[in-house]
Amino acid sequence: MNDIRLLVLDVDGVLTDGKLYYGPSGEVAKSFHVQDGYGLRKLMHAGIQVAIISGRPSDGAAIRFRELEIEHVFLACKAKRDTLTSLQSKLGITPEQTAVIGDDLPDLEMMACAGLSIAVANAHPTVRARVDVITRHNGGEGAVREVCDAILYGAPDFPLFEPPSQ
């Protein structure tokens with residue numbers, strides 16, 4: 001954890017609970033956990049890069065990430081792995097210095113480019129079986145804050161993770 005210089009996150013199911021709320025005009029609403037946002041800001045203030053790589057477009061998510069001042073935001077991304085490797089190259093950060101948090105099968109390609117792969121507690125079983133660690137909290141319910149605190153304050157002694165079930 002002490003070597004992490006880049007934290008990469010999926011959005012739906014990681015920063016949100018994965019539910020999409022559709023309004024009568026087709027607008028989509030999502031909710032974000034305020035503690036996750038605070039953890040991300042603390043990481044960035046500590047000099048750790050944060051990136052968002054999501055397959056879905058979302059005006060609401062874009063607003064939230066501007067509010068948090070996250071510089072590296074890639075929404076409606078169809079090539080998550082290529083986007084991550086390009087960002088790593090641009091920033092001069094190795095896969096070993098990268099952590100990725102995901103929840104579903106499209107995130108596995110990014111996780112393969114990271115030294116630390118993390119699934120939220122309610123991730124798809126296939127993802128849970130292939131990661132290094134699993135958070136105690138579900139996506140959208142403080143899982144990201146768990147990871148931020150572990151990176152900032154140390155792990156594995158920081159008691160936030162459960163080992164993946166084999």
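Asp107 is buried in this predicted model, because its relative accessibility is 1%, and buried means under 20%. The residue sits in the loop that connects strand 6 with helix 4 (108-111). Which residues does Asp107 touch, leaving aside residues up to four places away in sequence? They are Asp10, Lys80 and Gly102.

Val34 makes a handy counterpoint. This residue belongs to helix 1 (residues 34-45), and it counts as exposed because its relative accessibility is 61%, where exposed means over 50%. If you follow the chain, Val34 and Arg145 are 111 residues apart in sequence, yet their C-alpha atoms are 9.3 Å apart in space.

Now to strand 1, where it is worth having the 3D view open. In a regular strand the side chains alternate between the two faces of the sheet. Strand 1 (residues 6-9) has Leu6 and Val8 on one side and Leu7 and Leu9 on the other. Are these four side chains buried or exposed? They are all buried, so both faces of the strand are covered.

Strand 1 also has pairing partners, listed here with one residue pair for each.

| Partner of strand 1 | Sense | Bridges | Residue pair |
|---|---|---|---|
| Strand 4 (residues 49-53) | parallel | 4 bridges | Leu9 and Ile52 |
| Strand 6 (residues 98-102) | parallel | 4 bridges | Leu6 and Thr98 |

In words, Leu9 faces Ile52 of strand 4, while Leu6 has Thr98 of strand 6 as its bridge partner. Strand 6 also brings us back to the start, since the loop holding Asp107 lies between strand 6 and helix 4.

Methods: Residues are numbered from 1 along each chain as its sequence is written. This is a predicted model: local features need pLDDT of at least 70, side-chain atom pairs count only at pLDDT 80 or more; totals for chains, interfaces and linings use all residues. Side-chain values use heavy atoms; hydrogens and water are left out. Helices (H or I, at least four residues) and strands (E, at least two) are DSSP runs, numbered from the N terminus. Buried means under 20% relative accessible area, exposed over 50%, partly exposed in between (1.4 Å probe, protein chains only). Two strands pair if DSSP finds at least two bridges between them. Contact means heavy atoms within 4.5 Å.
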